[in-house]
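I opened this notebook to keep track of what I looked up, one topic per entry. Rings, helix packing, single residues and backbone geometry are on the list.

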Amino acid sequence: MKRRSLSAVALGVAAVTVLAACSGGGRGSGEEETAAAGGGFAADATIGVALPWLGTQNWKEAQDLFKSQLEDAGFKALIQAADQKVPQQQQQIESMIEQGAKVIVAAPIDGTQLGSVLEKAKAAGISVIGYDRLIENTDAVDGIVQFGSVRTGELQGQSLLDGLKAEKGDGPYNIELFGGGPADPNAPSFYEGAMSVLQPKIDDGTLVVVSGQTDFTQAATADWDNAKAQARMDSLLSGFYADKKIDGVLSPNDGIARAILTSANQAGQDVPVVTGLDAENESVSLVWAGTQWSTTHKPTVELVAQTVDIIKSLQAGDGMPATDVSADNGKIEVPIYQLDPIIVTKDNAKEVFADDPARLALLK
Ligand code: BGC
């Protein structure tokens, strides 16, 4: 992730606009002027939203919030979720192109597998915004709206350390490491952020990964599947902890955290310190009960609002707003509209959810 000066990106946006304006007269290439370059479109246009699945609470919230926020803004919302199947997601995006969407918002199942279909969208004059996850290896993306992924991992790693100190006395601590689905570009970034905090503590002996499984490929959980995480945890506990206590586990999200806690409970272990992500209802209750140490909150309502703001700017003909963060997606530097995640423990839960009545209601 590179931080650039605001003016550099603002200049970049201006340059794109000028280029688009210059090519406007002799548009022989068949490329239509896109809203990302400042063209604008009808106030009641169709907006496509392609979600990867509905297997975690954040995506279900995104589905509902995109519908309400897009409709409140006057747009027609065309929202699809793809059940973790790449061809299904590609097909859904094809159909959004056919139905005349002016913007496609995409959260890829596999960051590298939407290039061709999104290039087709671009050629049809559609603007493309990545949502929550990076869209990789293509220039057919105008920007990504997300919570800092490496930052999310750093917070998770730090929270694991804090929890161990608070709950498990003096070290060294026995821990295990879990990552998310390897096709999701967030998963290696979360892991990288966490390991930037944990690796020095592994190196100095404060943390002991008893299984020795510290590579992302060993820690990853295919498709973010909780059952697969639970099976791996079962075999770690039976293979390496028959006569040892496990003190803590890095978990990349709440579903996997609950799978880890179930496995530890079934193996007769004391409750380990476990991190999470998404502030899912079930995990907020577990944090409040003192069972899950922490979760990481990335409010979907804010991420959707940020995306809809960008869509309004495109609709008005103002192009993509300026931003000072960008990421190399393997092909281009993509502008990133980045929000800050928040760690939630029992100590700060009431403050964090003060304006979130549904979650606040779980804290009793
Ligand atoms: C999202 C998480 C989610 C995970 C699995 C990630 O890309 O950032 O919020 O838990 O996918 O659905």
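Entry 1, a loop residue. I looked up aspartate 83 first and found it partly exposed, at a relative accessible area of 47%. The model is predicted. Aspartate 83 belongs to the loop between E3 and helix H3 (86–98). I then checked its backbone: aspartate 83 is not a glycine, yet its phi is positive, about 55°. For reference, I noted that most residues other than glycine have a negative phi.

Entry 2, another positive phi. I found alanine 279 with a positive phi of about 45°, although this residue is not a glycine either. Alanine 279 sits in the loop between strand E10 (273–274) and H10. Is alanine 279 buried or exposed? With a relative accessible area of 0%, alanine 279 is buried, whereas aspartate 83 is partly exposed.

Entry 3, a peptide bond. Most peptide bonds are trans. I recorded the bond from glycine 171 to proline 172 as cis, with omega near -5°. Proline 172 is placed in the loop between H5 and strand E7 (173–177).

Entry 4, aromatic pairs. How many aromatic pairs does the structure hold? I have 5 on record. One of them joins phenylalanine 41 and phenylalanine 75, with 6.4 Å from centre to centre and 55° between the planes, and is tilted. Phenylalanine 41 is in the loop between helix H1 (6–24) and strand E2 (46–51), and phenylalanine 75 is in the loop between helix H2 (57–72) and strand E3 (76–81), so this pair ties together parts 34 residues apart in sequence. I checked burial for both: phenylalanine 41 and phenylalanine 75 are buried.

I turned next to phenylalanine 66 and tyrosine 131. Their ring centres are 5.1 Å apart and their planes stand at 70°, so I logged the pair as edge-to-face, given that plane angles over 60 degrees fall in that class. Phenylalanine 66 is in helix H2 and tyrosine 131 in strand E5 (residues 127–131); the pair links distant parts of the chain, 65 residues apart. Phenylalanine 66 is buried at a relative accessible area of 0%, and tyrosine 131 is buried at 2%. I also found that Trp59 forms one aromatic cluster with Phe66 and Tyr131.

Entry 5, charges over rings. I looked up arginine 232 and found its charged end over the ring of phenylalanine 178, at 4.4 Å from the ring centre. For lysine 346, the ring is that of tryptophan 288: lysine 346 lies over its face, 5.4 Å from the ring centre.

Entry 6, H5 and H6. Two packed helices are described by the angle between their axes and the distance between the axes. The axes of helix H5 (residues 149–167) and helix H6 (residues 186–203) cross at roughly 40° and come within 7 Å. I therefore entered H5 and H6 as oblique to each other. Their crossing is right-handed. The contact includes Ser149, Gly153, Gly157 and Leu161 on the H5 side and Asn186, Phe190, Gly193 and Val197 on the H6 side.

Entry 7, H9 and H10. I found helix H9 (residues 254–266) packed with helix H10 (residues 281–289) at about 55°, the axes being 9 Å apart. H9 and H10 are therefore also oblique to each other. The crossing of H9 and H10 is left-handed. Asp254, Arg258 and Leu261 of H9 make the contact with Glu282, Ser283 and Leu286 of H10.

Entry 8, two strand residues. Alanine 81 is in strand E3 and is partly exposed, with a relative accessible area of 23%. Leaving aside neighbours within four places in sequence, I listed Leu51, Trp53, Leu54, Gln88 and Gln92 in contact with alanine 81. From alanine 81 to threonine 295 I have 25 Å in space, C-alpha to C-alpha, for 214 residues in sequence.

Valine 145 is in strand E6 (residues 143–147) and counts as buried at 0% relative accessibility. With neighbours within four places in sequence left aside, its contacts include Ile129, Tyr131, Leu303, Ile310 and Tyr337. Valine 145 and glutamine 84 are 20 Å apart, C-alpha to C-alpha, and 61 residues apart in sequence. Tyr131, a contact of valine 145, is also in the aromatic cluster I noted under entry 4.

Definitions and conventions:
Residues numbered from 1 in each chain as written. Predicted model: local features only at pLDDT ≥ 70, side-chain atom pairs only at ≥ 80, totals over all residues. Heavy atoms only, no water. Phe/Tyr/Trp six-rings, centres within 6.5 Å; stacked < 30°, edge-to-face > 60°. Helix = DSSP H or I, 4+ residues; strand = E, 2+ residues; numbered from the N terminus. Buried < 20%, exposed > 50% of the residue type's maximum accessible area, 1.4 Å probe, protein only. Lys NZ or Arg CZ within 6 Å of the ring centre and 35° of its normal. Axes fitted to C-alpha atoms, helices over the stretch in contact; angles between N-to-C directions. Parallel < 35°, antiparallel > 145°, perpendicular 65-115°, else oblique. Left-handed = near helix turned anticlockwise from the far one by under 90°. Contact = heavy atoms within 4.5 Å.
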